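Please open the structure in your viewer and keep the selection tool at hand, since this tour moves from one selection to the next and says what there is to see at each stop.

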Amino acid sequence: MLYLWTKALHIVFIASWFAGLFYLPRIFVNLAQETNPEATARLLGMARRLYRFSMIISVPAVLLGLYLWMGFGIKGGWLHAKLALVIVTIGYHHMCGGILKKFERGVNTRSHTWYRWFNEVPVVLLLAIVVLVVVKPF
């Protein structure tokens, strides 16, 4: 029973974390296009709060995942691939933080098109992670 509750909470925290990772780069798209200083300030505030929320929510997501892995002896080649993708996801999240700092300093050099493509990365990561967990191909 503890396993199922832990897994359910892990899924909820992962969904919340990825919701932030889906929306934060979308704010970057808008920031890259915005010329109005008031609108830019509002978008920066939104991005800061979302980044902070996503960072906070990622901690229990990762900790519950580690508990599932180590506490219940989950193993397999698929798990190694999933863990590698989780590390990439954490790196992506930190990259978002670096991008946010650049926007705050007013030194963004990338176009809104670049951010539109950047926005697709968490979709691919989540798709790959879910397939690995559900299908367990190896």
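**First stop: a charged pair**

Across the whole structure, which is a predicted model, a search finds one salt bridge. To see it, select glutamate 104 and arginine 48, whose side chains meet in this salt bridge at 2.5 Å, taken from N to O. The pair links distant parts of the chain, for glutamate 104 belongs to helix H3 (residues 77–105) and arginine 48 to helix H2 (residues 37–72), with their positions 56 residues apart in the numbering. Side chains of opposite charge can pair when their charged atoms come close. If you now switch on a surface, are these two residues buried, exposed or partly exposed? Glutamate 104 has a relative accessible area of 36% and is therefore partly exposed, because that value falls between the limits of 20% and 50%. Arginine 48, with a relative accessible area of 32%, is likewise partly exposed.

**Second stop: two helices side by side**

Next, select helix H1 (residues 2–33) together with helix H5 (residues 121–135), which pack with their axes 9 Å apart and at an angle of about 150°. Because angles over 145 degrees count as roughly antiparallel, H1 is described as roughly antiparallel to H5. To look into the contact itself, show the side chains of Phe18, Leu21 and Phe22 in H1, which meet Pro122, Val123, Leu125, Leu126 and Ile129 in H5. Sorted by class, this contact of H1 with H5 consists of eight nonpolar residues, with no polar and no charged ones.

**Third stop: threonine 6**

Staying with helix H1, select threonine 6, which lies in this helix. Its relative accessibility is 5%, so threonine 6 counts as buried. Which residues is threonine 6 in contact with, once its neighbours within four places in sequence are left aside? They are Leu64, Tyr67, Leu68 and Phe72.

**Last stop: the largest nonpolar core**

Finally, turn to the largest nonpolar core, which has 26 residues, and select Trp17, Phe18, Leu24, Phe28, Leu31, Phe103 and Tyr115, the members that touch the most other members. At least two residues of this core come from each of H1, H2, H3, helix H4 (112–118) and H5, while H1 gives the most, with nine residues. In soluble globular proteins, nonpolar side chains tend to be buried together. For a closer view, centre on tryptophan 17 and show what surrounds it: not counting residues up to four places away in sequence, tryptophan 17 touches Ser54, Ile57, Ser58, Ala61, Val62, Thr89, Ile90 and His93.

Definitions and conventions
Residues are numbered from 1 along each chain as its sequence is written. This is a predicted model: local features need pLDDT of at least 70, side-chain atom pairs count only at pLDDT 80 or more; totals for chains, interfaces and linings use all residues. Side-chain values use heavy atoms; hydrogens and water are left out. A salt bridge is a side-chain nitrogen of Lys or Arg within 4 Å of a carboxyl oxygen of Asp or Glu. Helices (H or I, at least four residues) and strands (E, at least two) are DSSP runs, numbered from the N terminus. Buried means under 20% relative accessible area, exposed over 50%, partly exposed in between (1.4 Å probe, protein chains only). Axes are lines fitted to C-alpha atoms, for helices over the stretch in contact, and angles run from 0 to 180 degrees between N-to-C directions. Angles under 35 degrees count as roughly parallel, over 145 as roughly antiparallel, 65 to 115 as roughly perpendicular and the rest as oblique. Contact means heavy atoms within 4.5 Å. Ala, Val, Leu, Ile, Met, Phe, Trp, Tyr, Cys and Pro count as nonpolar, Asp, Glu, Lys and Arg as charged, and the others, Gly among them, as polar. A nonpolar core is a set of buried Ala, Val, Leu, Ile, Met, Phe, Trp, Tyr and Cys residues joined through side-chain atoms within 4.5 Å.
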